[in-house]
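Q: I am new to this structure and would like to know how its charged side chains pair up. Could you take me through the reasoning?

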Amino acid sequence: KYSQCVTGALRYIHENLSIQLSVDELCRAVYAARSTLNKKFAAEVGMSIGTYIDREIMMRCEQLLTDGELSIRQISDKFGFCDQFYFSRRFKSRFGITPQQYRQMRGL
């Protein structure tokens, strides 16, 4: 379904998911020019690389919050947020509530 460079990029993203993951790092990993990878990724996946990374991070954070095994700080650290307060702001901008409110709502 996806071209070789997009498949490689998706694999690399999932194996190295972090808020610090850059398009330049991704291009080096899959041996693709930035413009080529950006263009192919958007055409094949339907969104920019940055948007995809952000979405994947927030979805994984939501899963980890639901699992309840890691603290909010541990989740924040796991994905490379500078601190848990920045993570909370990013989570709230995506889901409309803070990670703590999310856990309370889920009864965790």
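A: Gladly! A salt bridge here is a side-chain nitrogen of Lys or Arg within 4 Å of a carboxyl oxygen of Asp or Glu. The model is predicted, and it holds three salt bridges.

Q: Why is the contact of Asp24 with Arg34 called a salt bridge?
A: The closest N and O atoms of Asp24 and Arg34 are 2.5 Å apart. The cut-off is within 4 Å, so the pair counts as a salt bridge.

Q: What does the pair of Asp24 and Arg34 tie together?
A: Asp24 belongs to helix 2 (residues 23–30) and Arg34 to helix 3 (residues 34–45), so the pair ties together parts that are ten residues apart in sequence.

Q: Why is Asp24 called partly exposed?
A: Its relative accessible area is 39%. Partly exposed lies between under 20% for buried and over 50% for exposed, so Asp24 fits that class.

Q: How do you know that Asp54 and Arg90 form a salt bridge?
A: Their side chains meet at 3.1 Å, N to O, and the limit is within 4 Å, so the name applies. Asp54 sits in helix 4 (residues 49–67) and Arg90 in helix 6 (residues 84–95), so this pair ties together parts that are 36 residues apart in sequence.

Q: Glu56 forms a salt bridge with Arg55; what makes Glu56 buried and Arg55 partly exposed?
A: Glu56 has a relative accessible area of 10%; buried means under 20%, so Glu56 is buried. Arg55 has 27% relative accessibility, so Arg55 counts as partly exposed.

How values were computed: Residues numbered from 1 in each chain as written. Predicted model: local features only at pLDDT ≥ 70, side-chain atom pairs only at ≥ 80, totals over all residues. Heavy atoms only, no water. Helix = DSSP H or I, 4+ residues; strand = E, 2+ residues; numbered from the N terminus. Buried < 20%, exposed > 50% of the residue type's maximum accessible area, 1.4 Å probe, protein only.
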